[in-house]
Amino acid sequence: MTFEAILPELKAGKRGVRTGWEGTELFVVLVKDQKHEGEIVNPYFLIKTEDEAYSLWSPTDCDILADDWQVVA
């Protein structure tokens, strides 16, 4: 699946991952409709890793051009 194909899935609240990643990355999610101190926060991506941490994530050129994306539970 391409990034163009996974993006609507992420926007719908699903989780995505690339099969080409080394395995420590569990999934990427899109966070939206958040507020901080009463102000709207722009949507952003988080990545969940095996060590139970979430980190801010931005797709690289390789991620955007890859065709090994899949939706995960």
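**Aromatic pairs and ring-facing charges in a predicted model**

At 10% relative accessibility, Trp57 falls below the 20% limit and therefore counts as buried. This tryptophan is a convenient entry point to the structure, which is a predicted model. Trp57 belongs to strand 6, residues 54-57, and pairs with Phe45 of strand 5, so that distant parts of the chain, 12 residues apart, are linked. The ring centres of Phe45 and Trp57 are 5.5 Å apart and their planes meet at 85°, so the arrangement is edge-to-face. Phe45 has a relative accessible area of 15% and is therefore buried as well.

Before following the aromatic residues further, it helps to set out the overall architecture. The protein contains 2 helices and 7 strands, and their order along the sequence is α-β-β-β-β-β-β-α-β. The C-alpha trace extends over about 40 × 30 × 25 Å along its principal axes. Of the 73 residues in the protein, 30% are buried. Among contacts with a separation of 6 or more, 50% are between residues 24 or more positions apart. The exposed surface comes to about 5,000 Å², with 52% of it supplied by carbon and sulfur atoms. As for charge, the protein carries 7 positive and 14 negative charges, and the mean positions of these two sets are 9 Å apart.

Helix 1 offers one example of residues remote in sequence. Glu4 is located in this helix, which covers residues 3-11. With a relative accessibility of 55%, Glu4 lies above the 50% limit and so counts as exposed. Glu4 and Ala66 are 62 residues apart along the chain, and their C-alpha atoms are separated by 9.7 Å.

Returning to the rings, the structure holds 6 aromatic pairs. One of them joins Trp21 and Trp69, again in an edge-to-face arrangement, with 5.5 Å from centre to centre and 75° between the planes. Trp21 sits in the loop between strand 1 (15-18) and strand 2 (25-31), while Trp69 is in strand 7 (residues 69-72), so this pair ties together parts that are 48 residues apart in sequence. Trp21 and Trp69 are both buried. Ring pairs also connect these residues into a wider group: Phe3, Trp21, Phe45, Trp57 and Trp69 form a cluster.

Positively charged side chains also meet aromatic faces in this model. Arg15 is placed over the face of Phe27, at 4.1 Å from the ring centre. Lys48 is likewise placed over a ring face, that of Tyr54, at 5.3 Å from the ring centre. Lys48 is part of strand 5, residues 44-49, whereas Tyr54 is part of strand 6. With a relative accessible area of 8%, below the 20% limit, Lys48 is buried despite being a lysine, a residue counted as positive. Tyr54, by contrast, has a relative accessible area of 46%, which places this residue between the 20% and 50% limits and therefore makes it partly exposed.

The surroundings of Lys48 and Tyr54 fill in this part of the picture. Once neighbours within four places in sequence are set aside, Lys48 is in contact with Thr24, Glu25, Leu26, Phe27, Ala53 and Tyr54. On the same basis, Tyr54 touches Phe27, Leu46, Ile47 and Lys48. Phe27 thus appears in the contacts of Lys48 and in those of Tyr54, and Phe27 is also the residue whose ring face lies under Arg15. In the case of Tyr54 and Ile40, which are 14 residues apart along the chain, the C-alpha atoms are separated by 21 Å.

Two loop residues deserve a closer look for their backbone geometry. Asp33, in the loop between strand 2 and strand 3 (34-36), has a phi near 60°, a positive value in a residue other than glycine. Asp33 reaches 70% relative accessibility and so counts as exposed. Glu52 is found in the loop between strand 5 and strand 6, and its phi is also positive, at about 75°, although Glu52 is not a glycine. With a relative accessible area of 61%, Glu52 is exposed too.

Conventions
Residues numbered from 1 in each chain as written. Predicted model: local features only at pLDDT ≥ 70, side-chain atom pairs only at ≥ 80, totals over all residues. Heavy atoms only, no water. Helix = DSSP H or I, 4+ residues; strand = E, 2+ residues; numbered from the N terminus. Buried < 20%, exposed > 50% of the residue type's maximum accessible area, 1.4 Å probe, protein only. Contact = heavy atoms within 4.5 Å. Areas by Shrake-Rupley, 256 points an atom, 1.4 Å probe, with all protein chains shown as cover. Charge placed at Lys NZ, Arg CZ, Asp CG, Glu CD. Phe/Tyr/Trp six-rings, centres within 6.5 Å; stacked < 30°, edge-to-face > 60°. Lys NZ or Arg CZ within 6 Å of the ring centre and 35° of its normal.
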